[in-house]
Amino acid sequence: MEDVLAVYARLYDPVVPVVCMDEKPYQLLDHARAPTQATPGSDLKVDSEYVRRGTCSIFVWVEPLAGRRRVTAREQRTRVDWAHEVDRLLTSDYPDAEKVILVMDNLNTHSIGSLYEAFDPAKAFTLAQRLEIHHTPKHGSWLNIAEIELWSPDPPVPRPPYR
């Protein structure tokens, strides 16, 4: 726990950002009956009955000190899916960062080995060298800011970075 708290106490550094990551399964739902549109003097009417349209996995990436977040939905949650999300994090979201400090839980898919499963060894090594991973304690995943955002009914409003 102290390790994660020490990471959160670091000063904001855009060259070495602290990014929190979490994921959760999500049900895809549709209306059983089309909602009745709102009109002047009458509210939108939505039936509570729904039709299940499958599931997906939602990945959330949060840089708390910069007020940045990205959410991606994938069909599933595999080691290769996680590796491709990390690739996007490092090559698209933070291409100029020297290193990304990544806070996440100890899920079996969240490992450097997943990069080697998804990519050739040279690319996997290059990606791995730009990560500094900090895992939340086994029964302390609530320390992950991304998890707090995923499970919060009202996500917090982004704030400007500390200077």
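**Exercise 1. Cysteines**

Task: In this predicted model, is C20 buried or exposed? Classify C56 as well, then give the number of disulfides.

Solution:
- Step 1. Take the cut-off: buried means under 20% relative accessible area.
- Step 2. C20 has 0% relative accessibility, so C20 counts as buried.
- Step 3. C56 comes out at 11% and is therefore buried.
- Step 4. A disulfide needs two cysteine sulfur atoms within 2.5 Å. The count by this rule is 0 disulfides.

**Exercise 2. A contact in a loop**

Task: Which residue forms a salt bridge with D47? Place the two partners in the chain and classify the exposure of D47 and of R33.

Solution:
- Step 1. The partner is R33; the N to O distance is 2.9 Å.
- Step 2. Check the cut-off: a salt bridge requires nitrogen and carboxyl oxygen within 4 Å.
- Step 3. D47 and R33 both lie in the loop between β1 (18–31) and β2 (50–63), so the salt bridge ties together parts 14 residues apart in sequence.
- Step 4. The partly exposed class runs between the 20% and 50% limits. D47 has a relative accessible area of 31%, so D47 is partly exposed.
- Step 5. R33, at 44%, is partly exposed too.

**Exercise 3. Strand to helix**

Task: What is the N to O distance in the salt bridge of R70 and E85? Locate both residues, state their burial and name the network around them.

Solution:
- Step 1. The side chains of R70 and E85 meet at 3.0 Å, N to O.
- Step 2. R70 sits in strand β3 (residues 68–74), while E85 belongs to helix α2 (residues 79–93). The two are 15 residues apart, and their pairing links distant parts of the chain.
- Step 3. R70 and E85 are both buried.
- Step 4. Follow the shared partners. One network of salt bridges joins R70, R74, D81, E85 and D93.

**Exercise 4. Helix to helix**

Task: Where in the chain do D87 and K123 lie? Give their N and O separation, then the exposure class of D87 and of K123.

Solution:
- Step 1. D87 is in helix α2, and K123 is in helix α4 (residues 121–129). These partners are 36 residues apart.
- Step 2. Their closest N and O atoms are 3.2 Å apart, forming a salt bridge.
- Step 3. D87 has 11% relative accessibility, so D87 counts as buried.
- Step 4. K123 has a relative accessible area of 31% and is therefore partly exposed.

**Exercise 5. The total**

Task: How many salt bridges does the model contain?

Solution:
- Step 1. Apply the 4 Å cut-off.
- Step 2. The count comes to 11 salt bridges. Among them are D47 with R33, R70 with E85 and D87 with K123.

Key. Residues are numbered from 1 along each chain as its sequence is written. This is a predicted model: local features need pLDDT of at least 70, side-chain atom pairs count only at pLDDT 80 or more; totals for chains, interfaces and linings use all residues. Side-chain values use heavy atoms; hydrogens and water are left out. Helices (H or I, at least four residues) and strands (E, at least two) are DSSP runs, numbered from the N terminus. Buried means under 20% relative accessible area, exposed over 50%, partly exposed in between (1.4 Å probe, protein chains only).
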